[in-house]
Amino acid sequence: MFKKKDISLMSRFAGSCIGLCLLIPSAFAQSLGGSGISADAPVVEASDLIQEHDALRSKHDRAAEPFGSLLFKGGFSSDGEDGLNRNYVVQPGDRVSVRIWGATQFNEQLTVDHQGNIFLPSVGPIHVAGIPNSSLNERVSKAVGKVFTKDVKVYTNLDGTQPVAVFVTGFVRNPGRYAGIPSNSALYYLDRAGGVDALRGSFRSVRIVRNGKDLAVVDLYRFMLEGFLPEVQFQDGDTIVVGSRGNVVEVSGSVANAATFEFNKENISGADALKLAQVDVGVNYVGLSGIRDGKPIASYMTLADFRSIRLENGDAVNFQADQHDMQIVITVEGSYLGPSRFSVPVGTRLNEFLDYVEVDPVMADIRSISLKRKAIAARQKEALEESLRRLEASYLTASSQTDKESAIRVKEAELISRFVERARRVVPNGRLVVASNDSIANVVLKQGDTVTIPAKSDSILLGGEVLVSQAMLYTKGRRARDYIERSGGFTRQAETKRLVIVHANGEVSTGTNPKVRRGDEIMVLPKVPVKSLQIAATIVDIVYKVAVAASVAIQL
């Protein structure tokens, strides 16, 4: 586009944007031919979609464990409940403090006998078993008032309860007989027994049995989802029985609750499964597999159709956001006018996009445009990390022949260790060079790309191993060493045989005295003061990769 005979790009940049605020309007898509993809333009690369899909699966498609398998890691067996709540029903063996003053004096702790009575002198037996703790004082006061009709006050307090032992059996990890107090919850005793066996036991059918009859049935799903738990005051010899696991449906995919769900009836609806799974935003398709009439079945349906489906024992359900983004977001940085973020159709190419970015042609260096791409930055980081691992392996395994050489190796190892630490902190920019020889490669833009439009500059920036790191005015005909000499020359640690030039468009040039263009950055890399040729070569490789990936001259 930047050929001398074609200056249309300049006018396109200078033109005003069409209705731009933050997002490109539908007029952009229409001007690009609906989809924004020309006839010879390739579609979005399949590898990118596959990577995004795999990343999504790695996040969501976990092995589906039974829902509720983490319930008994909450420490129910270590709760501090003492059984003295207002609703506690007094029973034989409990200890009651009774204080009476006024017409008569009494202050003792009494034990409820096997007939359910406490005995007060001059009053006789008072039946208290079977009444709630909240009514205890009223019951005793009424009995005392029948004997001492005037000037008498009564105060009672339930000091302690009779311990009980409860059997826990069925499909639990550690069946047995466990001690507690009557007001402990069923969760307390289940936790003492190691909890429900997640693979064999039922979370929906936990029976509390007394004298051979069911006292209550606990549905742990109701507790987990609604906080409801039947109130049961245990007695010595009660039994908690965990039944075998019922029918199950396995749920996976883009959901908050990827798990195997148990249902306490023959089948459930897709709507029921949706409530339990808590699907992610954007899910629109469901894959279903299972057995019907002894034969395997598999189907793929919309989320709306799934709601009315009947699910049966053993079914596997996978929720997916099965849609490719039709729009991608591109960021602009540098010298530009207007918004910095644009929403464009998938498949939009760089030159098409630039038609809708407004710049000042006097200020912007439109011939040095470049891209930053996340995938490239990730690859740069991987390449740098691989070189650092190779360096660590080299100096950690290096041998020494003498004590003096060993001491040198130790100092080198310290230097290299600090160098590796600094290098690992480098963040690559993921620069993709698209401008060269006054033309711009018409690449397909990808989600998250950043288009960099540098400002025109008449300066040259010097950095690295020069005596004075500074910016200098560009002078036509001068090369890299001319600018270095004008900045005081090289430092003692400078690598003078290989200078690095980072051009405004992201290109990198090297040489002993390379040419320099307006807006370039001259980097003088450091020498590598290591005797081992293998280690030195690896360090040089790392220093150069850092310079290219992040425009930083990292020192040893």
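Here are some numbered notes on this predicted model, moving from the whole chain to strands, rings and single residues.

1. Overall make-up. The chain carries 13 helices and 30 strands. Of its 556 residues, 42% are buried. About 29200 Å² of the chain is exposed, and carbon and sulfur atoms supply 51% of that area. Among contacts with a separation of 6 or more, 64% join residues 24 or more positions apart.

2. A five-stranded sheet. A good place to start looking is the open sheet of 5 strands, whose order is S8-S7-S11-S9-S10 with mixed pairing. Its edges are strand S8 (176-180) and strand S10 (213-218), each of which pairs on one side only. On average, neighbouring strands in this sheet are turned by 25° against each other, direction ignored.

3. Strand S9 and its burial. Why can S9 be called largely enclosed by the rest of the structure? The reasoning is a simple count: 8 of its 10 residues are buried, so the surrounding structure encloses most of this strand. For a residue to count as buried here, its relative accessible area has to be under 20%.

4. S9 and S11. Strand S9 (residues 201-210) pairs with strand S11 (residues 239-244) in the antiparallel sense, over 5 bridges. If you would like to check the register on screen, Val209 has Thr239 of S11 as its bridge partner. Arg207 is matched in the same way with Val241 in S11.

5. S9 and S10. S9 also runs antiparallel to S10, and 5 bridges join the two. Here Ile208 stands opposite Ala216 in S10. The two strands form a hairpin with 2 residues between them, and Asn211 in the turn has a positive phi of about 55°. That backbone angle is one to look at if you plot the torsions of this turn.

6. The S15 hairpin. Which strand is joined to S15 by 8 bridges? It is strand S16 (residues 295-302), which runs antiparallel to S15 (residues 285-292). Within this pairing, Ser289 faces Ala298 in S16. The hairpin leaves 2 residues between the strands, and Asp293 takes a positive phi near 55°.

7. S15 and S18. S15 has a further antiparallel partner in strand S18 (residues 315-320), with 5 bridges between them. Tyr285 stands opposite Gln320 in S18.

8. Aromatic pairs. There are 7 aromatic pairs in the structure. One of them is Tyr188 with Tyr189, edge-to-face, with 5.0 Å centre to centre and 90° between the planes. Both Tyr188 and Tyr189 are buried. Phe342 and Phe353 also form an edge-to-face pair, at 5.3 Å centre to centre and 85° between the planes.

9. What the Phe342–Phe353 pair connects. Phe342 belongs to strand S20 (residues 341-345) and Phe353 to helix H9 (residues 350-354), so this pair ties together parts that are 11 residues apart in sequence. Are these two rings on buried or exposed residues? Phe342 has a relative accessible area of 1%, so it is buried. Phe353 is buried as well, because its relative accessibility is 0%.

10. Other ring contacts. Phe67, Tyr221 and Phe261 make up one aromatic cluster. Elsewhere, Arg222 lies over the face of Phe228, at 4.1 Å from the ring centre. If you are setting up a ring-by-ring inspection, the cluster and the Arg222 placement over Phe228 can go on the list beside the two edge-to-face pairs.

11. Ile440. The last stop is Ile440, which lies in strand S24 (residues 439-440). With a relative accessible area of 6%, Ile440 falls under the 20% cut-off and therefore counts as buried. How far apart are the C-alpha atoms of Ile440 and Ser370? They are separated by 8.9 Å, although the two residues are 70 residues apart along the chain.

Conventions: Residues are numbered from 1 along each chain as its sequence is written. This is a predicted model: local features need pLDDT of at least 70, side-chain atom pairs count only at pLDDT 80 or more; totals for chains, interfaces and linings use all residues. Side-chain values use heavy atoms; hydrogens and water are left out. Helices (H or I, at least four residues) and strands (E, at least two) are DSSP runs, numbered from the N terminus. Buried means under 20% relative accessible area, exposed over 50%, partly exposed in between (1.4 Å probe, protein chains only). Two strands pair if DSSP finds at least two bridges between them. Axes are lines fitted to C-alpha atoms, for helices over the stretch in contact, and angles run from 0 to 180 degrees between N-to-C directions. Rings of Phe, Tyr and Trp (its six-membered ring) pair if their centres lie within 6.5 Å; planes under 30 degrees apart count as stacked, over 60 as edge-to-face and the rest as tilted. A charge sits over a ring if NZ of Lys or CZ of Arg is within 6 Å of the ring centre and within 35 degrees of the ring normal. Contact means heavy atoms within 4.5 Å. Accessible areas come from the Shrake-Rupley method with a 1.4 Å probe; for residues, only the protein chains shown count as cover.
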